[in-house]
Structures are given as structure tokens and as C-alpha cells.
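Here's a quick tour for anyone meeting this protein for the first time. Have a look at the model, then read on.

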Amino acid sequence: MNDGNTIKITGASVHNLKNIDVEIPKGKLTVITGVSGSGKSSLAFDTLYEEGKRRYLMFSDTAFMVESVPTFESITGLSPTVAVEQRITRQSNPRSTVGTRTKISAMLAVLFANYGKRAPEYDDGLPLDMAMFQKNSARGMCVMCLGSGVTKKLDEEKLFANLSQKVDDVVLGLGKRGITRKVTDEFYARYNISRNQPLSELTDEQFNLLKYGDGGKSKFMGFVPWIWQITNGALSTSGRLEYLLTNAGFMQKAQCPKCKGTGLGETALNVMVGGKTMAELEAMYIRDLRRFLEDAALPGRRITEEILRKLECMDDVGLHHLSLSRPVPTLSGGEIQRLFLASYIIAEMDSIIFVFDEPTIGLHEVEKQKLLSIIRILIERGNTVIAVEHDENFIKAADYIVDLGPRAGENGGRRIFQGSYADFTECENSMTSPYLAGKMFMPVKTECKSIDHSKMLVLEHCNIHNLRDVTAQIPLGILVGVAGVSGSGKSSLISDTLVPKLKEALKIKPSPDDDEAESEVLRGGELRGTEGDVLRGMESEVLRGGELRGTEIHGAQFIKKCVIIDQKPIGRSRTSCPATYTGMFDRIRVLFARASGMDAGLFTVNSKGGCHMCKGDGAIHYHVGMGNFIDVECEMCGGTGFVEEALGAKLDGKNIREVLEMSVSGAIDFFKDKDKAILKMLQTLERVGMGYIGLGQKTPTISGGEAQRIKLAAELGKSGSAKGNIYILDEPTTGLSFSDIARLIHLMRELADGGNTVIVTEHDPSVLSNCDYIIEMGPGGGSDGGYIIAEGTPGELKANDKSVIGGYLK
């Protein structure tokens, strides 16, 4: 290939890459494939994208530049690079919406400012301007909820009702932890308050000072102002305190009565264009909004046509089921990638290298061809598209293929193949090509388990979102698939109806003291999950406006425990990792403490063992503008995150950092004779295809699909030979190769054969073909969906003319 038309990478060695050389043609669609953990993301994102970003920053007018150690020998032919990964989507501004991200909300604000008609009773004679229609603007936000759409109420009387509790235990004892302890120590000493003193022994003045502070004379502002400062995001954005207070019943959230949950101010709610308010237009599905703007004879033709152009592009990339008011943090990895893709198409950029991370995630088979046609538009404009992808039809449509492997982790990282699809099907060393060439096949179920009609989970009158008074009958004790095009109502039926109704039926009381586990485990009185996840769920319930009140559930008495295994991150902080999430790390620290005679707290970066400069992260993070960050290895700890004393202790010749750097598969041999519980969890992780992942791999580097499989392993490792449970999985094939999907199918079958119910929301025909029963939503997305269009065994759906997925089943 000609150098001018090629990206040449030599000696790539980041993570598990084995000093590989790769050539990628420019102006083409290249797919990087291979088994999970083979090094695909290391090549696409950690090598190509990171170097493209570094070169751009080096020659731009940035105020900050860092020289990093290269992880390759050379890269030539590199153009400006744009990347969208699954894992970066979790860092979105919580107030960012589809409308603000695409700038369509700003364009609607201009339309309303110039052509809006005020209701006479709200006409104050002042001219309208754009800021009045933006909830993130001081002039446009609701004065009661400050644009959030939700109000909070703190029950102060209940918070301080127990006068027998010690001062140290006030507000769930949170005032005695971390940096807060230092400021409360000073405050208590100043006002002669003892930590062990019951509230009943405080004077009225001391009690009042404890609640509301001393007006700024000391650093501690009092518990009530402190709570409001933190829960409103002024001092922290983690959401932990709000989560704990809400679960304990000290804080309640409700839809803002003034703006009805829209977040907009009084002016915006009483100005119309075409008979609709700004809030009404933003609440419409994209496709419905597009139809409305096309049919309504609105003023401002130029701006309306520009809005329509953006809406059409969003419709084309499969986002027709979203609304402009949808918060970006609630989007799936696939949805946000397509949102970015639509932005790039609209911007009409050229000569750019675009790197995507499984862009087909969340798309039905009938929607993937449209996505490919959109990507072809990017290429026709002179751009290069590189996609990490496992989808069979996407791989077939590629101009060029790079296959990494042969396996995962230390057994991967080699270039197995590069070239055309036709040549790839003849590659003998690849674990992917045999499936494409028809030499290996996915497992296909020949017989479906019989349904016990006396044990059914029944949902009646489901009307949330776009559901149209749906009644769903879910057989228990089998593998159930839920299918349908994007926005057809799958998540509305399962995540937004079944899960909360099960929670209610099982009388689940949230547990506030679970720091790491993030799979929401519902069990006879227990809900486990991160505060962020739970708070989002609570907020969703608040904003539903009672849509679940008429919905009924029957058959919950047959269920012992319900486990929701989704793709949310497995930890709140950058130092969270598979070892901490699964509970292994506590046992590992104890082993080190016994072997060294030291305190177990010395072997965690979140306590005594953490480096004081980088706070245990191993790197210092510098913001270099435009949302970009560069990490520089911490000089004090050398990137380990631990203090020197912790690294000096050894367990069979390995220090704590070296153990955390082990892969799951490598750690199995190390812990074989040391701890049975650790060994069992490691073996379970390997069973779900996570043998390649590092014990200490940080949460931000773990994809949604990987997080989901770690959660599954954590639950299986605890449950043992569970029976009578219900497992709910959301698109578990994300990030999986053909061989990995085959392993997942076997695992789900094993769970169902063991007397459990597995409900899997999925698009992959291979997984759906292995289900005992399928519920298909549709027929379209958004307002065109919301019905059950077909249900039955895979064979029955294949014979059903109304089924869309039936034609793709094996």
C-alpha cells in the first residue's frame, strides 16, 4: 500500500499488545476484531486515538502539554482523530440532554425567542430572548428546582429525633469520616461538645449549633447546611450522601410542582409556537417531532429546516425513539455513539479518523444496514472509519479487517490477520474467521423447555412511556428473550415496569451500606446497588408521574431473589476494580496482613496504603481543554498508587501491586492453595469469559459489557447452586466475540436448567435462537411501538408473519 494512503503502526506494545505492526488504509472502513481481551481497544483507542490526540495538542495552542512514554515505535499517516468509546459515556454532565448535546434545544430556543406567542396573562411586555428557554440559564430555569425538574425535602425533625444517639452517630455517622472528621473535631472542641455525648445532654444552644452551625466562625457549617451543600453538588458530585439519606427516609424527592418536571421557568412554559410549548416539543420522540415540524406551517423557515436536517440524521442513525429532553447519562453506550455520529455527519467534516467502539450496540438487525450507510457517508467525504466490532454483517461490510488474538490477555495481543474479508475467511489461526466462513457454528437449541402455566409471572396494564396497556406473561424456570427494534418498549417493559413492580412485590428495603457492589440485587428485603444508580432510579420513579400505579404483577411469590445485571460501571471511583467489586480484595489484604504482620489498611490505596500525592490513583490528571485530559504517572509512587511500606510486604514473593496486576487466569494458580473463596470467585470470572481482565484494572477502563459480566460472576460466585431466582440481563453480548457468545449462551442455559428464570433483552439472533420463549415488542420504535407483536418459541416466531426478528432466527 502507498504510504500516503496508509496509517502504519510499528511496534505497538501498550497493555497486552506484543510489539505488533499494523497497516490500515485511509479513506476506508476498517474493522478491528478478535476475542474479548485480545487487544482491540488497546490498538484502536490506547494507541491510535491517544497518539492522534497527543499530536493535535502538541501543535495546537493548548496551555498545557505533557511528554508521555510512547507505547509504539512509530505511527505514520495519522490525521486528526476523533473517538467515541463505551466507557467515556459515563462521564457526561448530569444536566446534559439529547437536545443540548445536539444543539437542537438551543435552536428551538432561538425559534421561540423570535416567533413565540405569549399567553396574555403572562405577557409582561419585555422582549423574549433565547436564555428564557434554556433550563441551564438563570433566566430560563425554574426558580423552585433550579432547572432539575425535581425538588428535595429534608426531614430535619426525623433526622434528629433519636435523642439517645451519640453526637458521633448523627446523620448516619458520616460526620466522623474522612476530612469531615477534622472540621467537626475543631467545631466540637470549640463548643465543648463530646463525640460520645448523647444528643439529650446537649444544651439548646449546642443542639442548634450542631444543626445549623455558627454563622461561619468555624469551618464546620452545621449538619443541615452541610447536607444541602453536598446534595446540591456544591462540595461533591458522588451522590452518596443523598443516596444514604433517601434510603434512610430522611430525604424525599418529588416532581417539581411549579414546572411539572420540565426544569423550565414560567415564561418558557407559557410561550407557544405552532400551538406547542418548548417543553412539549422536547418531550416528543424524535420521529414525532420531525413529523410535527414537517406538517406544521411554522414561521422561521430557515431555522426550522436546519432543525429538521438534524432530526433526520438522528432518525437515520436509529435514535428516533429518543426525545430531546432525555438526559445523556441515561443513554446506552450504543445510543451515545450514534448521537456523536449524527453530530459528525451534521458537521460535514472531512480528512478525520473516526474510531468507534461497537457502533452496532443496541441496534436491531433491520437497523444495522442504515447505520452502515451513514458510516459510508463519512467515508465518501474523505474520512477514515476504524471500528472495534464483533457483528457478523458489519465485519462483512468492511473494506479491511485487522484480527488480533489468538486469545485474551497474555495469550492475545498478536496480529493474526490484516487484509480483505475474502482473505480473512481463509485465515486458519483466527478464532473469528471460522464462524464467518461457516466452518464453526453458534449453538442452536433443538428443543425448548416446556412451560409450566401454573407458574407464570404476569404483568397487567403496563402503560409507562410508549407501552399501550400491555399485558405480558413471562414463563418461569426457563430462558426468556425480549426482542424488538430500538425504542419498541423492551426496556420500558422489563427495566421500567417489571423491576420496580418486583421490588414492590418482594417488599424490598434498600440497604445503604454497600460501598462497591453495583448489580442491583433484589432479595426478600434487600436492594443492593450504587447510590448513583439507585438515585437515578428513584428520580425516574418520581418523574414517571404515577405511570406504574395501575400496573399489576402476579406470580412474584414463585421468586426467591431477583438479580438485575446491567452495564453500569462496577465502582464509583477510579480506584474501584474487579477485585474490590467482587469482594476478593478484602480477603487478599488479610492474607498480606497475616504474612507481614502489618495492618490490613496498609494494603489498600483508599486507606493508609494510598500514595499521598495521587491519592492512590497512580497518576496525576491534567485537563488540557475541550474535555480532554492527560494522565501523568505519579513521581512519588511510580504509578503504583501505594506507599513504599506497602510495596515492601510480600506474599509468596509478590507485593500487593504485583498481585493486582495479575490477570484472573494468572491469579488462579497463585491463590490455588491460599484461599478457597478467592479461588472460587476467580474460577467464576473465568467461566464468564473474564479470565483476561486484571484484578486491579480500574473502572474507567472497563467497558459496559465487561462490567456486566463481572457483575454476573460476582452474583454466581455468591449464589452457588441457586434455584428459584430470576436473572435479568440487558444486552449481555455487548463486546463479545462469537466464541464468547457461545460461552455466554451455555452459562444462561445452565442457570435456567438449574431451576432459575433468565430474562435477556437482546438483539443478537444467536442468543434469541437459544431462548425457550421470546416476547417481541414493536412493531416500530417510539410512538410506533409499545405493543407485544409476537410471543412464543423461536420456531413459532419464525413462522409468525407479524414477527420482525423471526426472519433472522437460526
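What follows starts with the whole protein and then zooms in on a sheet, a helix and a single residue.

## The whole protein

First things first: this is a predicted model. The protein is 810 residues in total, and 57% of them are buried. Counting up its secondary structure gives 28 helices and 27 strands.

How much of the contact list comes from residues 24 or more positions apart? Among contacts with a separation of 6 or more, they account for 69%. As for the outside, the accessible surface comes to about 34,500 Å², and carbon and sulfur atoms hold 49% of that.

## A three-stranded sheet

Let's pick out one sheet. It's an open one with 3 strands, ordered E2-E1-E4, and the pairing is antiparallel. At the edges sit strand E2 (20-25) and strand E4 (74-76), each of which pairs on one side only. Going from one strand to the next, the twist averages 5°.

What holds strands together in general? Strands of a sheet pair through backbone hydrogen bonds, in either a parallel or an antiparallel way. Here, strand E1 (residues 6-12) and E4 run antiparallel and are joined by 3 bridges. If you want a spot to look at, try Lys 8, whose bridge partner in E4 is Thr 76.

## Helix H12

Next up is helix H12, residues 333-347. With 15 residues at 1.5 Å each, H12 should span 21 Å, and its end C-alpha atoms are indeed 21 Å apart, so the two agree.

Is H12 mostly buried or exposed? Of its 15 residues, 14 are buried, so the rest of the structure largely encloses this helix. Right after H12 comes Glu 348, which has a positive phi, near 55°.

## Asn 383, a residue in a loop

Now for a single residue. Asn 383 is in the loop between helix H13 (365-380) and strand E12 (384-388). Asn 383 has a relative accessible area of 0%, and because anything under 20% counts as buried, this residue is buried.

Which backbone atoms does the side chain of Asn 383 reach? One is the backbone nitrogen of Ser 351, at 3.1 Å. Another is the backbone nitrogen of Ile 352, which lies 2.9 Å from a polar atom of the Asn 383 side chain.

Setting aside neighbours within four places in sequence, Asn 383 is in contact with several other residues, including Gly 27, Lys 28, Met 349, Asp 350, Phe 354 and Leu 378. Ser 351 and Ile 352 are on that contact list too.

Notes: Residues are numbered from 1 along each chain as its sequence is written. This is a predicted model: local features need pLDDT of at least 70, side-chain atom pairs count only at pLDDT 80 or more; totals for chains, interfaces and linings use all residues. Side-chain values use heavy atoms; hydrogens and water are left out. Two strands pair if DSSP finds at least two bridges between them. Helices (H or I, at least four residues) and strands (E, at least two) are DSSP runs, numbered from the N terminus. Axes are lines fitted to C-alpha atoms, for helices over the stretch in contact, and angles run from 0 to 180 degrees between N-to-C directions. Buried means under 20% relative accessible area, exposed over 50%, partly exposed in between (1.4 Å probe, protein chains only). Contact means heavy atoms within 4.5 Å. Accessible areas come from the Shrake-Rupley method with a 1.4 Å probe; for residues, only the protein chains shown count as cover. The expected span of a helix is 1.5 Å times one less than its number of residues. A polar contact is a pair of N or O atoms within 3.5 Å; within protein, one must be able to donate a hydrogen and the other to accept it, and residues adjacent in sequence count only if both atoms are side-chain atoms.
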